[in-house]
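Hello,

Here is the structure I promised to send over. Have a look at it first, and then read on for what turned up.

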Amino acid sequence: MHFAVIVFPGSNCDHDAYHVFRHILDVPVNFVWHRETDLKKYDAIIIPGGFSYGDYLRTGAIARFSPVMESIIKEANAGKPVFGICNGFQILIESGLLPGALIINQDVRFLSQDVTLEVDSTDSIYTRSLKKGRKLTMPIAHKQGNFIADEDTLKILENENRIAFRYSKNKNGNPNGSTDRIAGILNKEKNVLGMMPHPERAVESILGSDDGIDIFKSMIGMA
Amino acid sequence: MKAKIYISYKEGILDPQGKTISHALDTIGIKKINSVRMGKYIEMEFKGISKDKASEITDESCRKLLANPNTETYSFEIVEE
């Protein structure tokens, strides 16, 4: 499985994602600058975290019109895995590949801390080798991660089993205030995943947690 | 000619920044404010086009980029300098 890690001006978790594939999982990976438009040779696309275009206007709003996005939307619609993490999730929402919106955290602060996630839907390439209800520890680092959606959208996400991860029920377990504790969602076909927490920053015990690696292992069928 | 564009959260969308501002105003003794909503103000300048054309361009800009249709509404006025 050959991975593409998309690089926008302002991406800052691109090297973390590259590290996962190149050095930990030892699978082919390339950085792809946002001006490139041909993604045919890649089997999966990672849109990493960071502050694309300085978060100007709205998070992800400008990146969504980068040349590479048209190809990403095309590949996503053709069924290729597209995984957006943090700012990548914000970009996927702006591009219309995922529903809802990510607004400013409930207490208006940038949050940089570990969270505990619960695996909800295991019906995707990303979560197929995880157990429903399993707890995963990994960091969040964002100011606009408070997921909201209208009632109909929330119902659809629930009914179609498209909520991949939720924040913990524990006190302060959902620090950004996301509706229904939603931390990560899938598109209808379940080949597109967006999540605010950073699994790529929790892939070796020296980082404090290696729970995130299982999501990437699941992607490449190495459970 | 100038477009003055106002972008605000739709009703029903939480606005934590507005809420924080509201608390702060209360703290410094400014009372009787029912609620505060925070939005964005954008100006765009045009040269050598009609007011209708400027309005059309402004509307397209709002729809395609400046406002997020999921969470925000927009309004604008075109003013002669």
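Which elements of chain A do the buried residues of α1(A) pack against? Before the answer, please keep in mind that this is a predicted model. The partners are three strands, β1 (3-7), β2 (29-33) and β3 (44-47), together with the helix α5 (213-219), all in chain A. On the α1(A) side, the helix covers residues 14-24, and its buried residues are D14(A), D16(A), A17(A), V20(A) and F21(A). As a reminder, residues three or four places apart in an α-helix point the same way, because there are 3.6 residues a turn. After α1(A) comes D26(A), which has a positive phi, near 55 degrees.

Now for the sheet. Chain A has an open sheet of nine strands with mixed pairing, and the order is β2-β1-β3-β4-β11-β10-β9-β6-β7. At its edges are β2 and β7 (135-142) of chain A, each of which pairs on one side only. On average, and ignoring direction, neighbouring strands of this sheet are turned by 25 degrees against each other.

If you want one pair to look at, try β3(A) and β4 (residues 82-85) of chain A: they run in the parallel sense, with three bridges between them. There, I45(A) has V82(A) of β4(A) as its bridge partner.

Finally, the two chains meet: nine residues of chain B are in contact with nine residues of chain A. Helix α1 (residues 16-27) of chain B gives the largest share of the chain B side, three residues. That side of chain B has four nonpolar residues, five polar and no charged.

Best wishes

Technical notes
Residues numbered from 1 in each chain as written. Chains lettered and ligands numbered in written order. Predicted model: local features only at pLDDT ≥ 70, side-chain atom pairs only at ≥ 80, totals over all residues. Contact = placed C-beta atoms within 7 Å. Helix = DSSP H or I, 4+ residues; strand = E, 2+ residues; numbered from the N terminus. Nonpolar A, V, L, I, M, F, W, Y, C, P; charged D, E, K, R; others polar. Buried ≥ 20, exposed ≤ 12 C-beta atoms within 10 Å, placed from the backbone. Pairing = 2+ DSSP bridges. Axes fitted to C-alpha atoms, helices over the stretch in contact; angles between N-to-C directions.
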